[in-house]
Structure formats: C-alpha cells, structure tokens
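Visitor: I have just opened my first protein model and I would like to learn how to read it. Could you walk me through a few features?

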Amino acid sequence: MYSKTRRRVLTAVAVACVGLGGYLLWPSALHFLAQKIVESRTLGPGKTAPDFTLKDARGAAVKLSSLKGKVVILNFWATWCGPCKTEIPWFIEFEKTYAPRGFTVLGVSMDEDGWTVINPYVAASKVNYPIVLGNETVNQLYGGFDALPTTLVIARDGKVAFLHEGLIGRDEYEKEIRALL
C-alpha cells in the first residue's frame, strides 16, 4: 500500500494534470462552441429565411412571410451601389416575365438617407416590384451584410435556395428562378 504522503502527492499530481489539461483545452473548446453558434446563425441554402416586417414608401407594412408560396428574390441593395444598379433592370424584367407563375422580387434598400433618395431612384428606374426600407435589425437578422448587393433566392417553402454576395450574372439568376418555378 501507499503511504498517506505518497497518496497526497499522487492526488495532487492527478489534480494538477486535470487542471492543466482543462487549461490547455479551454481555448479549443471555446473556439469549437463559437463556431457552432456562428454556423447555427449563418444563413444559407436549406435554411428558412428569417421573417421581418418593414415599411414601404407609403408606410404600409410588408412581411416577408406573406410571400410564402412564391419564389422570391430578396435583394438587399442601395442607390449608391454600382453592382445593384446593374442588376435592378434584370429584376424588373424577371418580375414582368415570371410574376404570373408565382414569382416576385422584394427589394430591401439599405440606404441610410431613406426614402428621400430611394423614391427618386425607384421612379427613374421604373421599378415594378415592392421596395421596403431596411434597418440595422434586419441587417443583424441576416447575419450582417459583408457586401451589397446581397441576394437570396427563396423557394416556395420559405427556405433559401441560393445566396449571393455581390454581383452575379443575369443568366445565373434566371437559371435559379426557372429551377424553382
């Protein structure tokens, strides 16, 4: 048998080893947990698009979930964004072509100057789909935008089918829309 002193020393060494191991593994464990939290919040294909209610130019509430059952292009944009200006005419055309088949575009302007800059731009561009004014709450709900435009193509069931940050080709959008209609 071991003496009392030897048992105490061995117990102290074991406790020290466990403590040191926990100390060394703690950053890895925190990193792993942080990654899992980020992954759970990350919006991507197969995840339900977070619902929101925002106001249009007349002050009417527009709720994303009210569009469930349609294929939706949810486009986050701004009047000062060059690539946004490139794709808006495509979205106007898609709205004309595919609306009868259960499709719509919803534009969410992230302009800080609000309707004073949005309304003239929408009128001059002859935008034929609903535009709402975004805010920081929606920005955070969607994970914070790294780029404008950020566009989600949402299937009829409300789940994100495609997610694009920045400008992509017109043909790619059209292929994605047709695949979901």
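Guide: Gladly! A residue is called buried when its relative accessible area is under 20%. Keep in mind that this is a predicted model.

Visitor: How many residues of strand β6 are buried?

Guide: Strand β6 covers residues 150-154, and 5 of its 5 residues are buried. Both of its faces are covered. On one side you find Thr-150, Leu-152 and Ile-154, while Thr-151 and Val-153 are on the other.

Visitor: Which way does strand β3 run relative to β6, parallel or antiparallel?

Guide: Strand β3, residues 71-77, is antiparallel to β6, and 5 bridges join the two. To follow one bridge yourself, start at Leu-74: its partner in β6 is Leu-152, a residue we just met among the buried ones.

Visitor: And what does β6 do with strand β7?

Guide: Strand β7, residues 160-165, also pairs with β6 in the antiparallel sense, over 5 bridges. Here Thr-150 stands opposite Glu-165. The two strands form a hairpin with 5 residues between them. Look in the turn for Gly-158, which has a positive phi of about 90°.

Visitor: I clicked on His-164. Is that residue buried or exposed?

Guide: His-164 lies in strand β7. Its relative accessible area is 8%, so His-164 counts as buried. Its side chain makes a polar contact of 2.9 Å with the side chain of Glu-176. Beyond its neighbours within four places in sequence, His-164 is in contact with residues including Pro-149, Thr-150 and Tyr-173.

Visitor: Now for the rings. How is a pair of aromatic rings described?

Guide: We give the distance of the centres and the angle of the planes. A search of the whole structure finds 9 aromatic pairs. In one of them, Phe-91 and Phe-94 are 6.3 Å apart centre to centre with 45° between the planes, a tilted pair.

Visitor: Why are Phe-91 and Phe-94 separated by about one helical turn?

Guide: Because they are 3 residues apart in helix α2, which spans residues 82-98. Both Phe-91 and Phe-94 are buried. Phe-94 also forms a tilted pair with Tyr-98, at 6.3 Å centre to centre and 50° between the planes. Those two are 4 residues apart in helix α2, so about one helical turn separates them as well. Tyr-98 is buried too, like Phe-94.

Visitor: Which residues do the ring pairs link into a cluster?

Guide: The cluster consists of Trp-90, Phe-91, Phe-94, Tyr-98, Phe-103 and Tyr-173. You have already met Tyr-173, a contact of His-164.

Definitions and conventions
Residues numbered from 1 in each chain as written. Predicted model: local features only at pLDDT ≥ 70, side-chain atom pairs only at ≥ 80, totals over all residues. Heavy atoms only, no water. Phe/Tyr/Trp six-rings, centres within 6.5 Å; stacked < 30°, edge-to-face > 60°. Buried < 20%, exposed > 50% of the residue type's maximum accessible area, 1.4 Å probe, protein only. Pairing = 2+ DSSP bridges. Polar contact = N/O pair within 3.5 Å; in protein donor to acceptor, adjacent residues only side chain to side chain. Contact = heavy atoms within 4.5 Å.
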